[in-house]
Amino acid sequence: AASEFLGALRALGEAGAPALIQIVRDDALSGRRVRAPALQMLCVAKPRPKNLVTVVLACLEDTELDLREQAASDLRILGAEAKQATPILARLVKDPNTEKPETYLQALRLLGEASTLAQLWKDPALSGRRVRTAVLRELCQVQPRPKDLIATLLEAGARVRLAATLP
């Protein structure tokens with residue numbers, strides 16, 4: 001029933017966008033698996049609502065995992081405007097309580113945020129965490145590739161080895 005309702009709102013085009021935005025923002029609907037699909041519908045709508053970037057950025061900060069992941073996935077659709085999400089994505093990756101940090105790393109890669117990925121690779125707080133391997137994977141796949149990729153990898157690797165030898 002919920003998917004049919006969302007589909008009807010989407011079919012309304014621009015007229016349905018305010019209702020979809022209201023659904024996305026409604027915390028009372030958390031856990032009902034309607035907010036993330038509503039956000040996805042907004043992101044693929046033509047034309048997109050003018051305040052869509054603001055809505056997506058707010059979703060990245062939401063407590064609902066499905067909605068955060070959908071927002072991260074939808075950033076690639078938004079283009080250059082989505083670059084505003086970079087600090088939020090980096091913070092989510094650094095947070096040890098973040099579930100699935102790989103989702104946010106992939107978003108950084110798709111946004112072409114090589115410098116942010118390189119900073120995360122160098123971040124000693126991520127050393128020894130499983131997420132570090134995911135940072136490396138995304139850093140090696142980001143386009144355009146950073147010119148100093150090899151130097152960045154070697155420098156960070158040397159620091160990790162040095163830290164491992166200290167008492």
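This briefing describes the nonpolar core, the salt bridges, the largest pocket and some backbone details of one structure.

The structure is a predicted model, in which local features need pLDDT of at least 70 and side-chain atom pairs count only at pLDDT 80 or more, while totals for chains, interfaces and linings use all residues. Residues are numbered from 1 along each chain as its sequence is written, and side-chain values use heavy atoms, with hydrogens and water left out. Helices, written H1, H2 and so on, are DSSP runs (H or I, at least four residues) numbered from the N terminus, and strands would be E runs of at least two.

**The nonpolar core**

- The largest nonpolar core (a set of buried Ala, Val, Leu, Ile, Met, Phe, Trp, Tyr and Cys residues joined through side-chain atoms within 4.5 Å) has 51 residues, and those with the most contacts inside it are Leu39, Leu60, Leu75, Leu89 and Leu105.
- Helix H4 gives the most to this core, with seven residues.
- In soluble globular proteins, nonpolar side chains tend to be buried together.
- Leaving aside neighbours within four places in sequence, Leu89 is in contact (heavy atoms within 4.5 Å) with Leu60, Ala72, Leu75, Tyr104, Ala107, Leu108 and Leu111.
- In helix H7, the residues Pro101, Tyr104, Leu105, Ala107, Leu108 and Arg109 are buried, where buried means under 20% relative accessible area, exposed means over 50% and partly exposed means in between, for a 1.4 Å probe and protein chains only.
- These buried residues of H7 pack against H5, helix H6 (86-94), H8 and H9.
- Leu6, found in helix H1 (residues 2-11), is buried, with a relative accessible area of 3%.
- Leaving aside neighbours within four places in sequence, Leu6 is in contact with Leu20, Ile23, Val34, Pro37, Ala38 and Met41.
- Leu6 and Ala19 are 13 residues apart in sequence, and their C-alpha atoms are 9.2 Å apart in space.

**Salt bridges**

- A search of the whole structure finds ten salt bridges, each being a side-chain nitrogen of Lys or Arg within 4 Å of a carboxyl oxygen of Asp or Glu.
- Arg35 forms one salt bridge with Asp27 (3.4 Å, N to O) and another with Glu64 (2.8 Å, N to O).
- The pair of Arg35 and Glu64 links distant parts of the chain, with Arg35 in helix H3 and Glu64 in the loop between helix H4 (52-60) and helix H5 (65-78), 29 residues apart.
- Arg35 is buried at 1% relative accessible area and Glu64 also counts as buried at 9%, whereas Asp27 counts as exposed at 53%.
- The side chains of Arg130 and Glu102 meet in a salt bridge of 2.4 Å, N to O.
- Arg130 lies in the loop between helix H8 (114-122) and helix H9 (131-141) and Glu102 in helix H7 (residues 101-110), so this pair ties together parts that are 28 residues apart in sequence.
- Arg130 is exposed, with a relative accessible area of 58%, and Glu102 is partly exposed, at 24%.
- Salt bridges that share partners join Asp27, Arg35, Asp62 and Glu64 into one network.
- Asp62 of this network is found in the loop between H4 and H5 and counts as buried, at 14% relative accessibility.
- Leaving aside neighbours within four places in sequence, Asp62 is in contact with Asp27, Arg35, Leu67 and Arg68.

**The largest pocket**

- The largest pocket has a volume of about 180 Å³, where a pocket is an open set of points on a 1 Å grid over the protein atoms alone, with protein on both sides within 12 Å along at least five of seven lines, and where a 1.4 Å probe fits.
- Grid points are joined across faces, edges and corners, and the volume is the space filled by probe spheres set on the points.
- The lining (residues with an atom within 4 Å of a point) has 13 residues, of which Gly13, Glu14, Ala17, Pro47 and Pro49 lie nearest the centre.
- Helix H2 (17-25) and helix H3 (35-44) are the elements that give two or more residues to this lining.

**Backbone details**

- Most residues other than glycine have a negative phi, and most peptide bonds are trans.
- A cis peptide bond, with omega about -10°, joins Lys46 and Pro47, and Pro47 is found in the loop between H3 and H4.
- Arg33, which is not a glycine, has a positive phi of about 55° and is exposed, with a relative accessible area of 60%.
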